[in-house]
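Reader: Hi! I'd like a close look at one part of this protein rather than a full tour. Pick a spot where the backbone and its packing are worth talking through, and then work outwards from there.

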Amino acid sequence: MTDTVKLVSLAIATPEHVIFQKQAVEASARLFADRFEDFRHLARVFDSAGIDKRHAARPLAWFDEPHGWQDRMQAFAEVASGLFVEAASSALRQAGLEAGDVDCVVTVSSTGFTTPSLDAQLSRKMGFRPDIERVPVFGLGCAAGVSGFAIASRLARGRPGTVVLFVSIELCTLAFRLDELTRPNIIATALFGDGAAACVLRSGEDGLAEVESTGEHLFPDTLDIMGWKIDDGGFGIVLAQSLPPFAEKELGPAVTAILARNGLRVEDIDRFICHPGGMKVLAAMESALSLVPGTLDHERAVLAEYGNMSSPTILFVLERAIRAGLPARSAMIAMGPGFSASCVTLRRAA
């Protein structure tokens, strides 16, 4: 019989710079209002986004100037490295482990990259063994917090006793574009922040929760809902207006199907832990999952304090849910480019 996989520890980290929403809207007005006719209409999203502040890889003044790939990726390499070490070291410390105990590290990001990957660049500083297995994953977007967690849990399940470190890092603000006079770019400016999270997973050990099941759903013909448009200036956000109504209509059946493949029903879930992509998306998720409006309170609190950090955001919500006390069974849900939905169910540890 395969040992159960446990979430042993969870740690979060954020960059040092903080941007309050009032500062963000003032800066955006200064940079866009005279050049983009629809800005004043779109600026209302800063007030309706439900965000008080967010953390950023660079101070606010950095965004006043244009930046190309070199600037953006240099900033990513510097800041993401620090967040990796902070989050991973904290998760290992909570688990009573050292970096030399780690057998495999899974790292997800969709907002920057380095080659060699961060795990290799930081191997000596962290103290990883030379025989560590590295699994860097790029391109899963907001869903990567759940999908990457699922990958890490399956690796732990397949080799009992293996210590798997999962690290999620996103520096969304580095994708800010002065030259993109578009609705999606303004909305992204109002929504996204930066952060990182790390988990230790291991089979057959005591832990915070048991990883019960994993699953994904890829919706056909939905490539235009979310993603990156990549050009010489960097990443450009693809974000369709149809996302909230799409989620309200399609998420419920997708989650029902994922759960059914694992012998579960929606009614078996005591608490959904959802990626807070935005206030409209949260309302759509509550509707899709037949939840009372306002149920996703941890999600709204994380969104207010940190903004949408893409993949690590759901781990910030999970961390808050753990502190509040997990119910008998919970399900992490996130949606991302593809367009896709990812689900992991957790059982409260005995």
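Author: Let's start at Ser310, which counts as buried because its relative accessible area is 6%, under the 20% cut-off. Keep in mind that this is a predicted model. Ser310 sits in the loop between helix 11 and helix 12. What makes its backbone worth a look is a phi near 60 degrees, a positive value in a residue other than glycine. A little earlier in the chain, just after helix 11, Gly307 also takes a positive phi, of about 75 degrees.

Now step back into helix 11 itself, residues 297-306. Its buried residues are His298, Glu299, Val302, Leu303, Ala304 and Tyr306. As a reminder, an α-helix has 3.6 residues a turn, so residues three or four places apart point the same way. The cover over the buried residues of helix 11 comes from several places, including strand 1, strand 3 (53-56), strand 11 (271-274), helix 10 (279-288) and helix 12 (313-324).

Leu303 is a good one to click on. It belongs to helix 11, and it counts as buried because its relative accessibility is 0%. Beyond four places in sequence, Leu303 touches Ala49, Gly50, Ile51, Pro276, Gly278, Met279, Leu282 and Asn308. The C-alpha of Leu303 is 8.3 Å from that of Asp52, although 251 residues separate the two along the chain.

Tyr306, in the same helix, has a charged visitor: Lys53 lies over the face of its ring, 5.6 Å from the ring centre.

On to the other side of our loop. Arg320 lies in helix 12, and although it's an arginine, it counts as buried because its relative accessible area is 18%, under the 20% cut-off. Its side chain makes a polar contact of 3.0 Å with the side chain of Glu305. Leaving out residues up to four places away, Arg320 touches His298, Ala301, Val302, Glu305 and Tyr306. So if you display Arg320 with its contacts, Tyr306 turns up there, as well as under Lys53. That's the close-up part.

From here we can work outwards to other unusual bits of backbone. Asp221 has a phi near 60 degrees, again a positive value in a residue other than glycine. Asp221 sits in the loop between strand 8 and strand 9, and it counts as exposed, with a relative accessibility of 77%, whereas Ser310 is buried at 6%. There are cis peptide bonds too. One joins Gly338 and Phe339, with omega about -10 degrees, and Phe339 is in the loop between strand 12 and strand 13. Another joins Thr115 and Pro116, with omega about 0 degrees, and Pro116 is in the loop between strand 4 and helix 5.

Those loops bring in the aromatic residues. The whole structure has 13 aromatic pairs. Phe113 and Phe138 make one that is edge-to-face, with 5.9 Å between centres and 85 degrees between planes. This pair links distant parts of the chain, 25 residues apart: Phe113 is in the loop between strand 4 (104-109) and helix 5 (118-121), and Phe138 is in strand 5 (residues 133-138). Phe113 is partly exposed at 41%, and Phe138 is partly exposed at 44%. Phe219 and Phe339 make another pair, and that one is stacked because its planes are at 25 degrees and its ring centres 6.2 Å apart. Here the partners are 120 residues apart, with Phe219 in the loop between strand 8 (209-218) and strand 9 (226-231) and Phe339 in the loop between strand 12 (329-336) and strand 13 (340-348). Phe219 and Phe339 are both buried.

Last stop, the nonpolar interior. The largest nonpolar core has 52 residues, and Phe84, Met126, Leu165 and Val200 have the most contacts inside it. Elements that each supply at least two of its residues include strand 1 (5-13), helix 4 (69-95), strand 6 (163-171) and strand 7 (194-203). Helix 4 gives the largest share, twelve residues. Val200 shows how such a position is packed: beyond four places in sequence, its contacts include Leu7, Val8, Ala91, Leu92, Val163 and Leu165. Apart from this core lies another, of 38 residues, among them Ala188, Ile225, Leu239 and Val255.

Technical notes. Residues are numbered from 1 along each chain as its sequence is written. This is a predicted model: local features need pLDDT of at least 70, side-chain atom pairs count only at pLDDT 80 or more; totals for chains, interfaces and linings use all residues. Side-chain values use heavy atoms; hydrogens and water are left out. Rings of Phe, Tyr and Trp (its six-membered ring) pair if their centres lie within 6.5 Å; planes under 30 degrees apart count as stacked, over 60 as edge-to-face and the rest as tilted. Helices (H or I, at least four residues) and strands (E, at least two) are DSSP runs, numbered from the N terminus. Buried means under 20% relative accessible area, exposed over 50%, partly exposed in between (1.4 Å probe, protein chains only). A charge sits over a ring if NZ of Lys or CZ of Arg is within 6 Å of the ring centre and within 35 degrees of the ring normal. A nonpolar core is a set of buried Ala, Val, Leu, Ile, Met, Phe, Trp, Tyr and Cys residues joined through side-chain atoms within 4.5 Å. Contact means heavy atoms within 4.5 Å. A polar contact is a pair of N or O atoms within 3.5 Å; within protein, one must be able to donate a hydrogen and the other to accept it, and residues adjacent in sequence count only if both atoms are side-chain atoms.
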